[in-house]
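Dear colleague,

I am handing over the structure below, and after it you will find my notes on the ligand site and on the empty spaces. Please read them with the structure open beside you.

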Amino acid sequence: MSKRLKTMGEQFDRRSWAEPWKIKMVEPIELKPKEEREKAAREAGYNTFLLKSADVYIDLLTDSGTSAMSDRQWAGMMLGDEAYAGSVNFYHLEETVRQVYGYKYLVPTHQGRGAEHLMSQAEIRAGQIVPGNMYFTTTRLHQELAGGKFVDVIIDEAHDTESTHPFKGNVDLQKLEDVIRENGAENIAYVSLAGTVNMAGGQPVSMDNVKSLRALCDKYGIKLYLDATRMVENSYFIQQREAGYGDKTIAEILKEFCSYTDGAWMSGKKDHLVNIGGWAAVNDRGLFDRLRNMVVVYEGLHTYGGMAGRDMEAMAIGIRESLQDSYVRARVGQVEYLGQLLTNWDIPIVRPVGGHAIFLDARKFYPHLKQDVFPSQTLAAELYLDSGIRGMERGIVSAGRDPKTGDHRYPRLELTRLTIPRRVYTEAHMDVVAEAVKAVYQNAHKAKGLRMVYEPEYLRFFQARFERIE
Ligand code: F0G
């Protein structure tokens with residue numbers, strides 16, 4: 001019997017699960033011929049962000065804004081109340097966020113970085129330190145633009161692609177306390193905590209860790225804010241891995257986690273199963289007033305914040321759908337399935353597999369390449385050339401330059417991310433992806449790396465251009 005004829009459960013020695021939905025509408029995709037892919041990659045400066053989507057076959061660039069909405073969400077779009085002020089859909093969203101996340105006050109924004117901007121400007125004074133569990137590109141930039149200095153206080157295991165620690169997103173409480181003692185509590189703007197740490201490979205934070213973090217913040221009178229972008233997926237890992245949470249629902253775990261924090265910012269484009277939208281939510285009335293005043297300057301009136309009424313309705317419905325346990329199991333299960341195929345072939349990836357993506361370990365693909373010829377950028381380009389699959393660099397290019405010295409920052413992790421959109425691809429697509437990665441791995445010794453020929457000032461990974469080193 002061929003391998004393909006075994007069920008997933010048989011292959012991986014467990015009972016199979018299936019997605020709790022069926023497909024009602026499809027969008028054709030096409031694998032372009034090799035010569036066209038070569039031309040497209042050259043024209044895009046070997047940067048997958050600059051490829052045209054029509055030239056991509058399976059698009060694993062990001063899980064951000066790429067979800068498939070449900071029939072309920074599309075129906076909700078028809079209920080958009082496009083009033084400039086006081087839209088019905090805003091109140092539906094506000095009520096949903098209150099009930100699900102537990103925060104008192106909501107400020108809508110066009111997407112996550114809009115909320116990061118407002119929170120950073122409202123809560124950071126020039127020269128203050130912002131400790132966090134590993135940086136995220138846009139989050140850190142907004143903290144820096146507000147005059148803050150980000151300091152990484154994640155546990156050491158997060159920087160080790162082989163460590164199988166179940167909660168590699170955890171804050172190292174000793175590191176954090178050292179930072180507080182060295183700088184004085186008054187010089188800490190707040191602690192910036194992210195669920196399923198993106199740059200570490202989608203690694204979760206435990207409930208135990210956030211509880212201890214709350215206690216430590218209280219001891220020094222410091223605020224704790226959460227990047228809730230993928231907190232639903234973080235809650236799933238707590239349910240699966242942390243003692244005492246196996247019988248709790250994702251919804252219960254999420255609400256408890258948030259209860260230890262003072263507020264959050266959110267990119268609705270991930271967990272909330274929508275194509276656009278975000279928010280900030282806080283418990284402090286004074287902070288809320290400041291955020292609500294700023295939102296009218298940068299985003300839009302405080303009852304839409306850059307979203308159409310229909311977008312807010314789709315998000316309110318998406319939030320409820322995202323909490324369905326069977327959905328989250330299938331979503332993370334698909335990521336785990338791809339990870340398991342690659343692991344079975346000894347392809348180097350970050351373990352354990354995170355919630356939204358597989359992170360290929362480019363250092364291990366290309367032990368012969370130095371970091372300044374951009375190994376993960378090279379790997380993303382090679383994968384596209386091989387099979388039209390689009391991934392993303394998460395290494396030295398994403399890390400950017402140190403604003404003080406102007407040098408590259410050299411992160412320990414040099415990863416290429418294959419991010420799985422929610423409710424979009426099937427298991428057969430995952431098989432195709434796994435075989436493509438295997439082919440690129442087998443040819444890895446031939447790669448010579450890339451040279452950067454154009455570098456923009458901010459968030460360079462989005463627009464930098466490269467040439468192949470021959
Ligand atoms: N926080 C995290 C953890 C994110 O992953 C992102 C976006 C943001 C904040 C910013 O939100 O895009 O709505 O402005 N991450 C995307 C990604 C871009 O591909 O990982 P946004």
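**The ligand and the empty spaces**

The residues of the shell around the ligand divide into two nonpolar, eight polar and seven charged, where Ala, Val, Leu, Ile, Met, Phe, Trp, Tyr, Cys and Pro count as nonpolar, Asp, Glu, Lys and Arg as charged, and the others, Gly among them, as polar. Please keep in mind that this is a predicted model, in which local features need pLDDT of at least 70 and side-chain atom pairs count only at pLDDT 80 or more, while totals for chains, interfaces and linings use all residues. Residues are numbered from 1 along each chain as its sequence is written, and side-chain values use heavy atoms, with hydrogens and water left out.

Which residues come nearest to the ligand? Of the 17 around it, these are Thr-62, Asp-227, Ser-267, Lys-270 and Arg-417, a residue being near if one of its heavy atoms lies within 4 Å of the molecule. Helix H5 (residues 112–123) gives the largest share of this shell, three residues, with helices taken as DSSP runs of H or I of at least four residues and strands as runs of E of at least two, numbered from the N terminus.

Some polar contacts (pairs of N or O atoms within 3.5 Å) can be listed here. One oxygen atom of the ligand is 2.8 Å from a polar backbone atom of Gly-112, an oxygen atom of the ligand is 2.7 Å from an N or O atom in the side chain of Arg-113, and a nitrogen atom of the ligand lies 2.9 Å from a polar side-chain atom of Lys-270. The protein covers 95% of the 470 Å² of accessible area that the ligand has on its own, by the Shrake-Rupley method with a 1.4 Å probe.

Turning to pockets, the second largest has a volume of about 540 Å³; a pocket is an open set of points on a 1 Å grid over the protein atoms alone, with protein on both sides within 12 Å along at least five of seven lines, and lining residues have an atom within 4 Å of a point. A volume is the space filled by probe spheres set on the points, which are joined across faces, edges and corners. Of the 22 residues that line this pocket, Tyr-135, Arg-140, Glu-144, Phe-150 and Arg-409 are the closest to its centre, and strand E4 gives the most to the lining, with four residues. The second largest pocket lies between domain 1 (2–63 + 325–468) and domain 2 (71–322), because both give residues to its lining; the domain bounds come from an automatic or database domain assignment.

With best wishes

Definitions and conventions: A polar contact is a pair of N or O atoms within 3.5 Å; within protein, one must be able to donate a hydrogen and the other to accept it, and residues adjacent in sequence count only if both atoms are side-chain atoms. On a 1 Å grid over the protein atoms alone, a cavity is a set of points where a 1.4 Å probe fits but cannot get out, and a pocket is an open set with protein on both sides within 12 Å along at least five of seven lines; lining residues have an atom within 4 Å of a point.
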